[in-house]
Amino acid sequence: DHHGRRSYCSLASFQAGTKTATYPNAPPGLFFTGDPGVPYAYNNNRYNDFPPRIGMAWDPKGDGKQSIRTSYGIFYDRPNTFFNAKFADAPPWGNKITVPSPPGGLAAPYAGYPGGNPFPGTFPPAKDQTFSPGGVYVNFPLDLRATYAQQWGLSYQLQVAKDWLVSANYIGNKSTHLWTQFDQNHGVYIPGNCGANPCSTLAN
């Protein structure tokens, strides 16, 4: 929506230290609706995604006892409703942090956490919303291609005697641009004694 229910991550901007103007406390490289280059609808439009569909039927002898049929079509799909669930849980709308060994124990689990207790957050998020270090940031590419399937078929029917029909059919399909997800900047664990901190470093 207009308030940016999704975020877009740019590795080049992260390496350059470029930050969003929408939420200044966000990590470098993370952008939202309202930032330059991020469209209002969030995804860049693709007006050339044309789904043609065609079918043909032919009676070879013209006597109504045989038929050859063929068809082809392209069918676009849309993500299911659950697909957007992770964006609502990600900063600045939601938050999830892990404190494996809190220095203050369970009585004060955020005593040693940078910025202190980030909960509860405000909704809608304030411009100066806190972004937790090492948090989980779900992002979505602006030029993601829509998933589509090509389907085609060929069939032959032959009337045998008065009340019998013989039929042979071939059906094929191919899916393209299937969506998946991956951890783009996961922690790489290293050996050593790190005390209360996890022995890891972020992979850039």
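Reader: Is His 177 buried, partly exposed or exposed?
Author: The model is predicted, and every value here is computed from it. His 177 sits in the loop between β6 and β7 (187-189). Its relative accessible area is 32%, and the middle class runs from 20% to 50%. His 177 is therefore partly exposed.

Reader: What is the phi of His 177?
Author: Most residues other than glycine have a negative phi. His 177 is not a glycine, yet its phi is positive, at about 60 degrees.

Reader: Where does Ala 161 lie?
Author: Ala 161 also has a positive phi of about 60 degrees, although it is not a glycine. The relative accessibility of Ala 161 is 62%, and because exposed means over 50%, Ala 161 counts as exposed. Its place in the chain is the loop between β5 and β6.

Reader: Which residues make the nonpolar surface patch of about 330 Å²?
Author: One member, Trp 164, belongs to strand β6 (residues 164-176). Trp 164 has 64% relative accessibility, so it counts as exposed. The patch of about 330 Å² is made by Trp 164, Val 160 and Val 166.

Reader: Is the peptide bond from Pro 91 to Pro 92 cis or trans?
Author: Most peptide bonds are trans. Pro 92 is placed in the loop between α2 (85-89) and β5. The bond that joins Pro 91 to Pro 92 has an omega near 5 degrees, and it is cis.

Reader: How far apart are the C-alpha atoms of Gly 112 and Ser 101?
Author: Gly 112 is another residue of the loop between α2 and β5. With a relative accessible area of 53%, Gly 112 is exposed. Along the chain, Gly 112 and Ser 101 are 11 residues apart, while their C-alpha atoms are separated by 9.8 Å.

Reader: How many residues of β3 are buried?
Author: Strand β3 has 6 residues and lies largely in the open. Its residue Arg 53 has a relative accessible area of 57%, so Arg 53 is exposed. Of the 6 residues of β3, the number buried is 0.

Reader: Which residue in β4 stands opposite Trp 58?
Author: Strands β3 and β4 run antiparallel and pair over 6 bridges. Strand β3 covers residues 53-58. Opposite Trp 58, in β4, stands Ile 68.

Reader: Which residues does Arg 53 touch, not counting residues up to four places away in sequence?
Author: Arg 53 lies in strand β3, and β3 pairs with β4. Strand β4 spans residues 66-76. The residues that Arg 53 touches are Tyr 72, Gly 73, Ile 74 and Phe 75.

Reader: What separates the C-alpha atoms of Arg 53 and Gln 150?
Author: In sequence, Arg 53 and Gln 150 are 97 residues apart. Gln 150 falls in strand β5, which covers residues 148-160. The C-alpha separation of Arg 53 and Gln 150 is 9.7 Å.

Reader: How many residues apart in sequence are the parts tied together by Arg 145 and Asp 49?
Author: The structure holds 1 salt bridge. Arg 145 forms a salt bridge with Asp 49, and the closest N and O atoms are 3.9 Å apart. Arg 145 is in the loop between α2 and β5, and Asp 49 is in the loop between β2 (30-32) and β3, so the parts tied together are separated in sequence by 96 residues.

Reader: How far apart along the chain are Tyr 76 and Tyr 148?
Author: The structure has 6 aromatic pairs. Tyr 76 and Tyr 148 form a tilted pair, 5.5 Å centre to centre with 50 degrees between the planes. Tyr 76 is in strand β4 and Tyr 148 in strand β5, and the distance along the chain is 72 residues.

Reader: Is Tyr 148 buried or exposed?
Author: Its partner Tyr 76 has a relative accessible area of 32% and is partly exposed. Tyr 148 has 17% relative accessibility, and the cut-off for the lowest class is under 20%, so Tyr 148 counts as buried.

Reader: Is the aromatic pair of Phe 131 and Tyr 137 stacked or tilted?
Author: Phe 131 is buried, with a relative accessible area of 9%, whereas Tyr 137 is partly exposed at 21%. The ring centres are 6.2 Å apart and the planes 20 degrees apart. Because planes under 30 degrees apart count as stacked, the pair of Phe 131 and Tyr 137 is stacked.

Reader: Which residues do ring pairs link into a cluster?
Author: Phe 131 and Tyr 137 form an aromatic pair, and both belong to the cluster. The residues that ring pairs link into this cluster are Phe 131, Tyr 137, Tyr 23, Phe 32 and Trp 93.

Notes: Residues numbered from 1 in each chain as written. Predicted model: local features only at pLDDT ≥ 70, side-chain atom pairs only at ≥ 80, totals over all residues. Heavy atoms only, no water. Patch = residues over 30% accessible without salt bridge, like charges linked within 9 Å, V, L, I, M, F, W, Y side chains within 5 Å. Areas by Shrake-Rupley, 256 points an atom, 1.4 Å probe, with all protein chains shown as cover. Salt bridge = Lys/Arg side-chain N within 4 Å of Asp/Glu carboxyl O. Helix = DSSP H or I, 4+ residues; strand = E, 2+ residues; numbered from the N terminus. Buried < 20%, exposed > 50% of the residue type's maximum accessible area, 1.4 Å probe, protein only. Phe/Tyr/Trp six-rings, centres within 6.5 Å; stacked < 30°, edge-to-face > 60°. Contact = heavy atoms within 4.5 Å. Pairing = 2+ DSSP bridges.
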